[in-house]
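Reader: Could you take me through the packing in this structure, one question at a time, with the reasoning behind each reply?

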Amino acid sequence: GPAVQPASDSGATARGPADSGATSAQASQPPSGSGATAAPQAAQQAVKPTRQLPPTGDVLLELDGVVAGFGAMEVLHGVSLKVHEGEIVALIGANGAGKTTTLNVISNVVKARKGEVRFKGERTSGRGIQETVRRGVIHVPEGRRLFSELTVLENLEMGAFLRNDKAGIQRDVQRMYAMFPILEQRKNQRGGSLSGGEQQMLAIARGLMAQPKLLLLDEPSLGLAPIICQQIFRTVRELNAKEGVTVFIVEQNAHAALDLAHRAYVMETGDVTMSGPAAELARDPRVKAAYLGE
């Protein structure tokens with residue numbers, strides 16, 4: 001297979017501070033009932049690696065030299081990466097490497113100071129959050145961020161707020177219930193009363209209600225018990241394999257992310273330092289030492 005490529009800017013030293021508190025402050029804390037933190041070993045066994053690369057589709061998402069930050073703090077120092085249609089691509093790295101900021105730039109929550117974000121070849125940086133959603137880029141943020149006072153069903157319907165095909169919306173609600181049966185059992189409960197795992201399922205289902213062309217997932221395993229992580233990652237794989245949903249996932253659990261993804265990028269203090277097929281990165285001694293505890 002193709003060799004793991006060092007990123008073009010991998011020679012750069014770590015120039016910037018870690019992800020600013022502004023990013024993590026946006027995410028609400030995971031509920032206390034969500035179970036133990038996912039053990040990497042359990043997640044490693046949980047999801048069988050996606051061994052085959054998908055047929056190479058067109059480039060769906062491209063970041064070209066993106067610089068971004070908060071105030072005087074520069075978090076991303078010229079990030080370049082690509083996601084092709086039909087792929088699952090992972091972005092791994094330590095806490096504070098800039099992974100969440102990368103997703104926030106893609107979804108226009110944070111503005112790029114330099115460089116470009118392109119979706120289907122068109123520049124989207126600076127276009128605004130609603131326009132980004134309208135184009136089909138759907139961001140499931142870290143910490144779930146549900147409407148805690150609304151019911152499960154109302155949260156799902158909120159995911160479809162830009163749609164006006166009522167029959168299609170109702171069909172998709174039923175599809176979400178088939179995908180996550182627990183949500184149907186809980187459909188009249190408030191979102192805030194669900195367990196951490198149920199909230200993560202609802203957050204993903206709400207994102208899918210918007211009919212994404214690109215699904216951005218930020219730390220979906222955060223704070224969840226290993227068995228729930230397995231279920232979440234299995235669902236993401238099925239969405240990709242059966243429905244062709246393109247996924248760009250940020251994960252601190254590098255074992256699980258590299259098992260799930262077709263390709264991956266490694267980020268260190270705001271720079272992409274390595275990229276390649278996920279299975280090959282998982283075997284790379286540098287990745288093993290830094291992220292896989294081997």
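Author: What follows is a set of questions and answers about a predicted model, on its helices, its cores and two threonines.

Reader: Which residues of helix α5 are buried, and which side of the helix do they occupy?

Author: An α-helix has 3.6 residues a turn, so residues three or four places apart point the same way. Around the axis of α5 the buried residues cover an arc of only 100°, which puts them on the same side of the helix. The buried residues of α5, which spans residues 152-159, are V152, N155, L156 and G159.

Reader: Which helices do the buried residues of α5 pack against?

Author: With contact taken as heavy atoms within 4.5 Å, the buried residues of α5 have three helices as partners: α6 (166-179), α7 (181-185) and α8 (196-208).

Reader: At what angle do α5 and α8 cross, and which residues make the contact?

Author: Two packed helices are described by the angle between their axes and the distance between the axes. The axes of α5 and α8 come within 7 Å, and their crossing is right-handed. On the α5 side the contact is made by V152, N155, L156 and G159, and on the α8 side by L202, A205 and R206. The crossing angle is roughly 35°.

Reader: Which residues touch the most other members of the largest nonpolar core, and which element gives the largest share?

Author: In soluble globular proteins, nonpolar side chains tend to be buried together. The largest nonpolar core here has 49 residues, of which I92, L156, L183, L217, I249, L258 and V287 touch the most other members. The largest share of this core, six residues, comes from α8.

Reader: Where does T132 lie, is it buried or exposed, and which backbone oxygen does its side chain reach?

Author: T132 belongs to helix α4, residues 129-134, and because its relative accessible area is 2%, under the 20% cut-off, T132 is buried. Leaving aside neighbours within four places in sequence, T132 is in contact with I106, S107, N108 and V137. At 2.8 Å, the side chain of T132 reaches the backbone oxygen of G128.

Reader: Is T246 buried or exposed, and which residues does T246 touch?

Author: T246 lies in strand β9, which covers residues 246-251. Because its relative accessibility is 2%, T246 counts as buried. Not counting residues up to four places away in sequence, T246 touches L60, V83, H84, E85, G86, E87, K213, L214 and L215.

Conventions. Residues numbered from 1 in each chain as written. Predicted model: local features only at pLDDT ≥ 70, side-chain atom pairs only at ≥ 80, totals over all residues. Heavy atoms only, no water. Buried < 20%, exposed > 50% of the residue type's maximum accessible area, 1.4 Å probe, protein only. Helix = DSSP H or I, 4+ residues; strand = E, 2+ residues; numbered from the N terminus. Arc of directions from axis to C-beta. Polar contact = N/O pair within 3.5 Å; in protein donor to acceptor, adjacent residues only side chain to side chain. Core = buried A, V, L, I, M, F, W, Y, C linked by side-chain atoms within 4.5 Å. Axes fitted to C-alpha atoms, helices over the stretch in contact; angles between N-to-C directions. Left-handed = near helix turned anticlockwise from the far one by under 90°.
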